[in-house]
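Trainee: I should like to request a close look at a single part of this model, together with the terms needed to read it.

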Amino acid sequence: MKNIAVVGSQWGDEGKGKIVDWLSEQADVVIRFQGGHNAGHTLVIDGITYKLRLLPSGIVRKNKISIIGNGVVVDPWALLDEIEEIKSKGVNVDIENFIISESANLILPFHREMDEIREDAAGKSKIGTTRRGIGPAYEDKVGRRSIRVMDLRSEKNLDQRLEAVLIHHNAIRKGLGRKLFEKEKLKKDLLEIAPQILKYSQPVWLKIDEFKKQKKKILFEGAQGILLDVDHGTYPFVTSSNTVAASAATGTGCGPNSINYVLGITKAYTTRVGEGPFPTELQDDIGELLGNRGKEFGTVTSRKRRCGWFDGVLVRQTIKISGIDGIALTKLDVLDELDEIKMCVQYDLDGKKIDYLPAAVEDQIKIKPIYKIFKGWKSSTNGIEEFDKLPENAKIYIKAIEKFIEAKISSISTSPERKDTILVENPFEI
């Protein structure tokens with residue numbers, strides 16, 4: 001049986017939701033392995049739009065098991081709200097089809113507040129976070145003072161854990177002249193929702209081992225994109241977790257040999273939300289056109305995304321970093337109206353040509369893209385489901401991408417609808 005990890009090969013928002021939904025129909029188990037409710041997937045199925053933030057995309061499919069792994073940070077109130085929201089659209093969520101790792105770390109109200117305090121205080125140096133407490137929650141996890149799902153089982157244990165974490169946070173709040181956070185109300189609020197969270201709680205690593213023995217197909221679902229990886233992205237303008245495919249193993253509790261294929265979701269142009277370097281950004285009419293045609297607004301925050309040309313240098317780099325076997329090219333139809341299309345194939349750094357993204361942020365800001373120019377196809381690709389039916393110039397552009405990034409294009413998406421996909425190869429059947 002094939003197990004597949006799906007990751008974003010750019011700065012996120014590549015259209016993972018649609019691809020994961022298509023793959024989840026073939027999978028038995030879908031697992032989120034990192035991030036929090038700062039990342040969103042939008043699915044359009046039979047005319048119904050589902051906006052997911054924490055729940056794995058497989059949740060909208062019947063007879064699938066959806067899991068939140070230990071690598072995810074969970075806002076318990078946001079999760080319960082999302083469950084109620086998805087139930088209101090006719091989707092079933094119960095202990096038979098949904099599991100939360102007992103080791104998952106919780107995002108608490110003081111994490112959200114700390115996120116906001118820091119962003120507001122940073123001024124021009126702000127990171128551009130979603131202000132949902134993700135970063136501070138991961139900091140507490142690494143600092144070994146976090147509250148985990150399993151801590152909700154015992155009031156005595158929860159009290160001790162809250163005492164420890166609030167010593168840290170209240171010291172910072174006091175230094176910033178902020179009101180100290182009260183433990184008792186938070187403890188009461190957590191104990192109130194504890195039964196609703198704990199009923200889904202299990203040792204996920206053990207469940208994965210069972211699923212492997214049963215030869216179930218497992219789909220590991222990443223959030224955001226590799227360029228937001230805390231180690232490999234445009235640091236410090238990154239998220240607080242590792243978004244590379246290797247995190248599928250550590251964020252769920254299985255060995256890397258459990259993953260047989262890595263699929264990188266890749267937009268036919270480039271977008272980015274928030275602050276940070278963006279070599280191919282277009283602050284002109286073409287950038288506006290891409291944003292409007294691509295409906296480039298964040299699923300979670302509704303923030304307008306920055307748009308630019310396809311950056312082949314970056315995608316080739318993320319493919320190597322994450323061990324991507326093939327890519328799913330999305331939003332090709334957004335380019336339909338353009339006279340010409342550009343792809344970045346090198347950078348100029350202080351007069352020197354380089355073929356990779358330098359690690360230093362000051363260099364990332366300075367680099368200038370060097371483009372290869374393609375003729376546009378000036379005709380609709382929307383809804384096309386066969387490669388041979390694409391306009392000739394679209395085929396030329398796609399083949400050029402494939403050759404440059406050194407990875408096979410396994411599918412091409414031509415609209416938000418799941419059926420509007422050109423399938424070159426099925427990762428589950430290779």
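Which strand and which helix each supply at least two residues of the lining of the largest cavity?

Mentor: The model is predicted: local features need pLDDT of at least 70 and side-chain atom pairs 80 or more, whereas totals for chains, interfaces and linings use all residues. Numbering runs from 1 along each chain as its sequence is written, and side-chain values use heavy atoms, without hydrogens and water.

Strand 4 (48-52) and helix 2 (76-87) are the elements that each supply at least two lining residues; both are DSSP runs numbered from the N terminus (helices H or I, at least four residues; strands E, at least two). Helix 2 gives the largest share of this lining, three residues. The structure holds one cavity of 30 Å³ or more, a cavity being a set of points on a 1 Å grid over the protein atoms alone where a 1.4 Å probe fits but cannot get out. The space in the largest cavity comes to about 30 Å³, taken as that filled by probe spheres set on points joined across faces, edges and corners.

Its lining consists of Lys51 and Leu52, with Glu82, Glu85, Ile86 and Lys89 (residues with an atom within 4 Å of a point). In chemical character, four lining residues of the largest cavity are charged and two are nonpolar, while none is polar. Here Asp, Glu, Lys and Arg count as charged, Ala, Val, Leu, Ile, Met, Phe, Trp, Tyr, Cys and Pro as nonpolar, and the others, Gly among them, as polar. Charged residues in this lining thus include Glu82 and Lys89, and helix 2 remains its largest contributor.

Key:
1 Å grid on protein atoms, 1.4 Å probe; cavity = no way out; pocket = protein on both sides within 12 Å on 5 of 7 lines; lining within 4 Å.
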